[in-house]
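This briefing introduces two threonines, the cysteines and one pocket to a reader who is meeting the structure for the first time. Please look over the sequence and the model before reading on.

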Amino acid sequence: MFEFRSPSIDDTEWLRDVLMQAQPESCEYTVGNILGWHSFYGAQIANIENCLVTKIKKNNLFGFPKGENKDKALETVFSEFDFPSFYGLTSDECDIIRARYPGEYVFYQSRNSFDYVYSVEKLAKLSGKKYHSKRNHISFFEKNFNWSYEAVTPENLRECIELNEQWYKNNLEKDPYGIDNERKVLDFAFKNYERLNYRGGLLRVDGKIIAFTFGEKLNDKTFDTHFEKALSSVRGAYPMINMMFAREGINDFEFVNREDDTGSEGLRKAKLSYHPEKMIEKFTAVKL
């Protein structure tokens, strides 16, 4: 028997092991996102046939099993729940369900949840005409500020927390609900930074932190960037931390998943301006 329950920090090692077996592509399937956002989405987890299966309790939506025995786990889910609905399906996972249950499901595209995946090398170099405006902002930053870059460590984490508090105060009125929820997730991430194997970078100007970013491994080729914060009053801070982290922080990865745009027009425009290599399309599947 199995049961769905809320995940906890004590699930970290098991989640990491099963997700590395699964080699997921979508940002929902990192340890940090599962643990950090489960309260916001009402998400639960279960170990079914040694696979991770997630569930959004309030909507009774299931995630596709992640792990080496995913086929057997999928059979178990169907036998227990009788044509369940699914969320966050990739195109390949949709194909599996179509093949097993032809004509039984309708699939809805979830555009606001599409992940933006970039070449780390291209973000590190920003070569060519399409990145001209990014290079202009970076050039201004380099010429006008006394700056430095370093990795986020336990020794400077407190300064990142202080910057986040400043960012929070500066931006809260733009989206009180969304920003407040993200702040809670960030608080959890800061508290468990080392245990979650996070990797990050920061920028200083005149010795003070003005930007930071961090995330974790998604799969063997892809890093997932969870957070990126900078003082908007410092011109070039955002493109600079993005470029420097690609150069110095994650240059051992081929790709970086910078997650979805949540349907925000401004965020979508910003993410598209970096010219993703690909999008991770996601779908919801509902029984006909």
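Helices (H or I, at least four residues) and strands (E, at least two) are DSSP runs, numbered from the N terminus. The model is predicted, so local features need pLDDT of at least 70 and side-chain atom pairs count only at pLDDT 80 or more, while totals for chains, interfaces and linings use all residues. Residues are numbered from 1 along each chain as its sequence is written, and side-chain values use heavy atoms, with hydrogens and water left out.

**Two threonines in strands**

- Thr54 is found in strand S2, which covers residues 51–56, and with a relative accessibility of 4% Thr54 counts as buried, a term that means under 20% relative accessible area, against over 50% for exposed and in between for partly exposed (1.4 Å probe, protein chains only).
- The side chain of Thr54 makes a polar contact with the side chain of Tyr87 at 2.8 Å; such a contact is a pair of N or O atoms within 3.5 Å, where within protein one must be able to donate a hydrogen and the other to accept it, and residues adjacent in sequence count only if both atoms are side-chain atoms.
- Leaving aside neighbours within four places in sequence, Thr54 is in contact (heavy atoms within 4.5 Å) with residues including Phe4, Tyr29, Leu61 and Tyr87.
- Thr225 lies in strand S10, residues 222–230, and is buried, with a relative accessible area of 6%.
- Not counting residues up to four places away in sequence, Thr225 touches several residues, among them Thr213, Phe245, Val256 and Arg258.

**Cysteines**

- The count of disulfides comes to zero, where a disulfide is a pair of cysteine sulfur atoms within 2.5 Å.
- The sulfur of Cys27 is too far for a bond because the closest cysteine sulfur, in Cys94, is 16 Å away.
- Cys27 is buried at 5% relative accessibility, and Cys94 is buried at 2%.

**The second largest pocket**

- The second largest pocket has a volume of about 370 Å³.
- Its lining has 19 residues, of which Gln23, Glu25, Thr90, Asp92 and Glu93 lie nearest the centre of the pocket.
- The elements that give two or more residues to this lining are helix H1 (12–22), helix H4 (91–100) and strand S12 (278–280), and the largest share, four residues, comes from H4.

Definitions and conventions
1 Å grid on protein atoms, 1.4 Å probe; cavity = no way out; pocket = protein on both sides within 12 Å on 5 of 7 lines; lining within 4 Å. Points joined across faces, edges and corners; volume = space filled by probe spheres on them.
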